[in-house]
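Colleague: I would like to learn how to read a model like this one, taking one feature at a time. Could you walk me through it?

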Amino acid sequence: MPHITSQRVSISRCGTYEPETVADALAEVLEPLGGMKAFVRSSQRVCIKPNLLMKATPDRAVTTHPALLRAVIREVKACGAAEVLVGDSPGGRQNANGIRSAWEVTGWAGVCEEEGATLVLFDDDVVRVPTPGSTLFSAFNLGRAAVEADVLIDLPKLKTHGFQQFTGAVKNLFGCIPGLEKAQFHLKVPDRYDFGVMLVDLLLACKPTLAVMDAVVGMEGEGPGGGDPIRIGALLASADCVALDVVASAVAGFDPMEVYTNKAAHARGLGPRSADEIDVAGVAWRDIAPGSFKKPARDVSSRLPAGVGRWIRERIASRPFLARPDDCTSCATCAKNCPVGAIEMRDSRPAFDYGPCIRCYCCQELCPPQAIGLKTPWLVRAVIARETGRKA
């Protein structure tokens, strides 16, 4: 039997986004952790950080569902919180009209207005925060609302991620960094594992108090924005973001050490290698795992020496391309947000220069109509097909 660590992750079933169902499931998932009262006290200022990413309707499974946001706001207010803020900074350039439209489309604006919470764009007020025990970055510029709140609640969505394999509680905190600065991190840290190390540094700077994951409907395939919704029917919660991600990634069919943030956290003694080393309360994680879960293309160079791995990665990594030209709206979001300027608009369509491209997939992640896809070289597809039995 593996040794069970002191970290606790709680799981409850939640089959739909009906308000009563979500409220009951939230109370159930928090009960083994001591309830919301274990994290929020009277007169405290609470900031909730859902996953926005882009303007997308709730049915696309890109963003944290407004029904869960509503239930968390109500639980927090029931504990006597003096103020409730809901904040994020999605990728790319933001303006007042654009972010307001995103909040409305996701359903967050209506929820916050009805529940008396205040929506905050983290870009509007930023503070420099040191990182205790950092490995790569000794400080980050972060949204003041997230940093100075008495309680920060992380509200991620269970999704695949083309660059990091999986995005959960740790990766969701990347939204505490102002939008345009996020692209610069892809330039500074182009290596996938190093990017995971940076995200663990960020976790130590943000210090979230609680994380509640929306896994009612997650995303598989080409996440975090262009994948397919997949019903999982659960909420997961923990005071430990790494432990939560280890369990959630196992639910999605990953070896948790395939996920770069999990691997980086484990290397620093911040998390276990396996979900079986974690104290899971409520529903067993294997009982909510889908029978099959489409993953993004693996980084097959990840186990090679760093120098060799980078050389190979440049040649075999998936490349972004205009997969659905008819869906392209010529908005140029991809070109505007490429951190290395590897995209230019030609005849109102994106053209990719793969020489400087660092395979960060910001273009695919942020494309509003999801017209950009990822093309995996045929040799890699053949290897994956042989290992998994899936058609190349």
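Modeller: What follows goes from the whole chain to a helix pair, a buried helix, the cysteines and some backbone angles. Please keep in mind throughout that this is a predicted model.

Colleague: Where should I begin, and how many helices and strands does the chain have?

Modeller: Begin with the inventory, which here comes to 15 helices and 16 strands. Then ask about burial: of the 392 residues in the chain, 56% are buried. Contacts add a further view, since among those with a separation of 6 or more, 74% join residues 24 or more positions apart.

Colleague: How do I read a pair of helices, and at what angle do the axes of α2 and α4 cross?

Modeller: One looks at the distance between the axes, the angle and then the residues that meet. The axes of α2 (residues 66–78) and α4 come within 9 Å and cross at roughly 20 degrees. Angles under 35 degrees count as roughly parallel, and α2 and α4 are therefore roughly parallel to each other. The crossing of α2 past α4 is right-handed.

Colleague: Which residues of α2 and α4 meet?

Modeller: From α2 come Pro-66, Leu-69, Arg-70, Ile-73, Arg-74 and Lys-77, and they meet Trp-108, Val-111, Cys-112, Glu-114 and Glu-115 of α4. By character, the residues of this contact divide into 6 nonpolar, no polar and 5 charged.

Colleague: Is Glu-115 buried or exposed, and what is Glu-115 in contact with beyond its sequence neighbours?

Modeller: Glu-115 lies in α4, which spans residues 108–115. Buried means under 20% relative accessible area, and Glu-115, with a value of 13%, is therefore buried. If neighbours within four places in sequence are left aside, Glu-115 is in contact with Arg-70, Ile-73, Arg-74 and Lys-77, residues of α2 that also appear in the helix pair.

Colleague: How would I read a helix from the side of what covers it, and which residues of α10 are buried?

Modeller: List the buried residues, then ask what lies over them. In α10 (residues 260–267), the buried residues are Tyr-260, Thr-261, Asn-262, Ala-264 and Ala-265. Their cover includes the strand β9 (165–167) and the helices α6 (169–172), α8 (192–206) and α9 (241–251). After α10 comes Gly-269, with a positive phi near 75 degrees.

Colleague: What should I make of the cysteines, and how many disulfides does a search of the whole structure find?

Modeller: The search finds 0 disulfides. To see why a given cysteine is unpaired, look at the sulfur distances: the cysteine sulfur closest to that of Cys-176 belongs to Cys-206 and is 4.1 Å away, too far for a bond, because a disulfide requires sulfur atoms within 2.5 Å. Cys-176 is buried at 0% relative accessibility, and Cys-338 also counts as buried, at 17%.

Colleague: Last, how do I read a positive phi outside glycine, and where is Ala-61 placed?

Modeller: Note the angle, then the place in the chain and the burial. Ala-61, which is not a glycine, has a positive phi of about 65 degrees; its place is the loop between β2 (45–50) and α2, and it is buried, with a relative accessible area of 1%. Lys-207, also a residue other than glycine, has a positive phi near 50 degrees and is found in the loop between α8 and β10 (210–220). Lys-207 counts as exposed, at 54% relative accessibility.

How values were computed
Residues are numbered from 1 along each chain as its sequence is written. This is a predicted model: local features need pLDDT of at least 70, side-chain atom pairs count only at pLDDT 80 or more; totals for chains, interfaces and linings use all residues. Side-chain values use heavy atoms; hydrogens and water are left out. Buried means under 20% relative accessible area, exposed over 50%, partly exposed in between (1.4 Å probe, protein chains only). Helices (H or I, at least four residues) and strands (E, at least two) are DSSP runs, numbered from the N terminus. Contact means heavy atoms within 4.5 Å. Axes are lines fitted to C-alpha atoms, for helices over the stretch in contact, and angles run from 0 to 180 degrees between N-to-C directions. Angles under 35 degrees count as roughly parallel, over 145 as roughly antiparallel, 65 to 115 as roughly perpendicular and the rest as oblique. A crossing is left-handed if the near helix is turned anticlockwise from the far one by less than a right angle, and right-handed if clockwise. Ala, Val, Leu, Ile, Met, Phe, Trp, Tyr, Cys and Pro count as nonpolar, Asp, Glu, Lys and Arg as charged, and the others, Gly among them, as polar.
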